[in-house]
Amino acid sequence: MASATFVLPPQAEAVHSARSFTTGTLTGWKLAELSENMELVVSELATNAFRHGLRLAESRAKEPIRLSLLRRDGLVACALNDPGSGFPALRDPSPLDIGGLGLHIVESLSLRWGWAPLAPYGKIVWAVLR
């Protein structure tokens with residue numbers, strides 16, 4: 001079992017930094033074959049954390065978003081926490097909508113994904129890949 005955590009900087013490059021951290025960590029764990037799919041999942045979840053989690057928690061917008069990776073045998077879980085109180089939900093966007101497919105990507109690439117509220121506020125969104 002191994003774990004690694006990264007605090008995402010409150011900058012435009014944060015999602016790129018999260019992907020780089022993910023690739024570096026998986027390579028160090030000798031699980032580079034998971035990198036491409038895990039990068040996509042982390043990218044979608046990090047984008048949602050910034051776009052929705054921070055926006056919906058304006059009074060707590062200075063709270064950091066953390067990315068944690070946990071490995072157990074051939075399974076790797078990624079988990080992102082943000083201060084927002086809204087919950088993630090699959091949408092069925094129209095063909096003309098921009099965006100809205102991120103959680104569909106997460107669902108298609110992961111064995112499982114989900115979320116849980118955090119006390120006293122915020123949430124954690126996670127996904128497991130093999």
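A residue counts as buried when its relative accessible area is under 20%, and as exposed when that area is over 50%. Keep that in mind as you look around this structure, which is a predicted model.

**One face of a helix**

Let's start with helix H3 (102-109). Its buried residues are Gly102, Leu103 and Val106. Looking down the axis of H3, you'd find these buried residues within an arc of 95°, so they line one face of the helix.

**The core**

Leu103 and Val106 turn up again as contacts of leucine 45. Leaving aside neighbours within four places in sequence, leucine 45 also touches Cys78, Leu80, Val125 and Ala127. So where does leucine 45 fit in the bigger picture? The largest nonpolar core has 29 residues, and Leu45 is among those touching the most other members, along with Leu8, Trp29, Leu67, Cys78 and Ala127. Strands S1 (2-8), S2 (65-72), S3 and S5 and helices H1 (14-28), H2 and H3 each supply at least two residues of this core. Which element gives the most to it? That's H2, with six residues.

**The pocket**

H2 has a big part in the largest pocket too: with eight residues, it gives the most to the lining. The pocket has a volume of about 510 Å³. Its lining is made up of 24 residues, and Asn48, His52, Pro88, Ala89 and Leu103 lie nearest the centre. Strand S3 (75-82), helix H3 and strand S5 (123-129) each bring at least two residues to the lining, as does H2 (35-54). By type, the lining splits into eleven nonpolar, eight polar and five charged residues.

**Serine 35, buried or exposed?**

Serine 35 is part of helix H2. It counts as buried because its relative accessibility is 7%, which is under the 20% cut-off. Not counting residues up to four places away in sequence, serine 35 touches Thr23, Leu26 and Thr27.

**Some backbone oddities**

Two residues that aren't glycine have a positive phi, and here they are side by side.

| Residue | Phi | Loop | Relative accessibility |
|---|---|---|---|
| Lysine 30 | about 60° | between H1 and H2 | 71%, exposed |
| Aspartate 73 | near 55° | between S2 and S3 | 67%, exposed |

There's also a cis peptide bond to spot, with an omega of about 5°, joining alanine 119 and proline 120. You'll find proline 120 in the loop between strand S4 (112-117) and S5.

Note on methods:
Residues are numbered from 1 along each chain as its sequence is written. This is a predicted model: local features need pLDDT of at least 70, side-chain atom pairs count only at pLDDT 80 or more; totals for chains, interfaces and linings use all residues. Side-chain values use heavy atoms; hydrogens and water are left out. On a 1 Å grid over the protein atoms alone, a cavity is a set of points where a 1.4 Å probe fits but cannot get out, and a pocket is an open set with protein on both sides within 12 Å along at least five of seven lines; lining residues have an atom within 4 Å of a point. Grid points are joined across faces, edges and corners, and a volume is the space filled by probe spheres set on the points. Helices (H or I, at least four residues) and strands (E, at least two) are DSSP runs, numbered from the N terminus. Ala, Val, Leu, Ile, Met, Phe, Trp, Tyr, Cys and Pro count as nonpolar, Asp, Glu, Lys and Arg as charged, and the others, Gly among them, as polar. Buried means under 20% relative accessible area, exposed over 50%, partly exposed in between (1.4 Å probe, protein chains only). The arc is that of the directions from the helix axis to the C-beta atoms. Contact means heavy atoms within 4.5 Å. A nonpolar core is a set of buried Ala, Val, Leu, Ile, Met, Phe, Trp, Tyr and Cys residues joined through side-chain atoms within 4.5 Å.
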